[in-house]
Amino acid sequence: MNGQISGQAILENVRRYRGIASLYRQTAAFRPGQSWSLLEQAQDWEARALSELEAYFASRMDYAASLAA
């Protein structure tokens, strides 16, 4: 059950990070002078979301491998 709570928290973080990235992209559309900076920040938030997902699934794979051994 603890893994499920952790998984839910991870998914909530990923939703937040992607939401923030979306806001940066939307803002970039209305601020052409700052668009490169805003798009770069959006990319950073997307990378943070991806990193969190990768770490979660890597830990799940490690846990599954330890059970199989």
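User: Before we start, what is a nonpolar core?

Analyst: Happy to help! A nonpolar core is a set of buried Ala, Val, Leu, Ile, Met, Phe, Trp, Tyr and Cys residues joined through side-chain atoms within 4.5 Å. The model you are looking at is predicted, and its largest nonpolar core has 9 residues, among them Val14, Ala49 and Leu53.

User: Which helix supplies the largest share of this core?

Analyst: The protein has 2 helices and 0 strands. H1 and H2 each supply at least two residues of the core. The largest share, 5 residues, comes from H2.

User: How many aromatic pairs are there, and what kind is the one between Tyr17 and Trp45?

Analyst: Searching the whole structure turns up 2 aromatic pairs. In this one the ring centres of Tyr17 and Trp45 are 5.5 Å apart. Planes under 30 degrees apart count as stacked and those over 60 as edge-to-face. The planes here are at 45 degrees, so the pair is tilted.

User: How many residues apart are Tyr17 and Trp45?

Analyst: Tyr17 belongs to helix H1, which covers residues 2-30. Trp45 belongs to helix H2, residues 35-68. The pair therefore links distant parts of the chain, with its members 28 residues apart.

User: Which residue has its charged end over the rings of Tyr17 and Trp45?

Analyst: Let's take the rings in turn. Over the ring of Trp45, the charged end sits 4.1 Å from the centre. Over the ring of Tyr17, the charged end sits 5.9 Å from the centre. In both cases the charge belongs to Arg48.

User: Is Tyr56 buried or exposed, and what about its partner Phe57?

Analyst: Tyr56 and Phe57 form an edge-to-face pair, 5.1 Å centre to centre with 70 degrees between the planes. Buried means under 20% relative accessible area, so Tyr56, at 18%, counts as buried. Phe57 has a relative accessible area of 49%, and is partly exposed.

User: Which residues is Ile10 in contact with, leaving aside its neighbours within four places in sequence?

Analyst: Ile10 is itself part of the largest nonpolar core, as are Leu53 and Tyr56. With those sequence neighbours set aside, Ile10 is in contact with Glu52, Leu53 and Tyr56.

User: What is the radius of gyration of the protein, and what does the globule rule give?

Analyst: The C-alpha trace spans about 55 × 20 × 10 Å along its principal axes. For 69 residues the globule rule gives 11 Å, and the protein is well over that, so it is more spread out than a compact globule. Its radius of gyration is 16 Å.

Notes:
Residues numbered from 1 in each chain as written. Predicted model: local features only at pLDDT ≥ 70, side-chain atom pairs only at ≥ 80, totals over all residues. Heavy atoms only, no water. Phe/Tyr/Trp six-rings, centres within 6.5 Å; stacked < 30°, edge-to-face > 60°. Helix = DSSP H or I, 4+ residues; strand = E, 2+ residues; numbered from the N terminus. Buried < 20%, exposed > 50% of the residue type's maximum accessible area, 1.4 Å probe, protein only. Lys NZ or Arg CZ within 6 Å of the ring centre and 35° of its normal. Contact = heavy atoms within 4.5 Å. Rg over C-alpha atoms; globule rule 2.2 N^0.38 Å.
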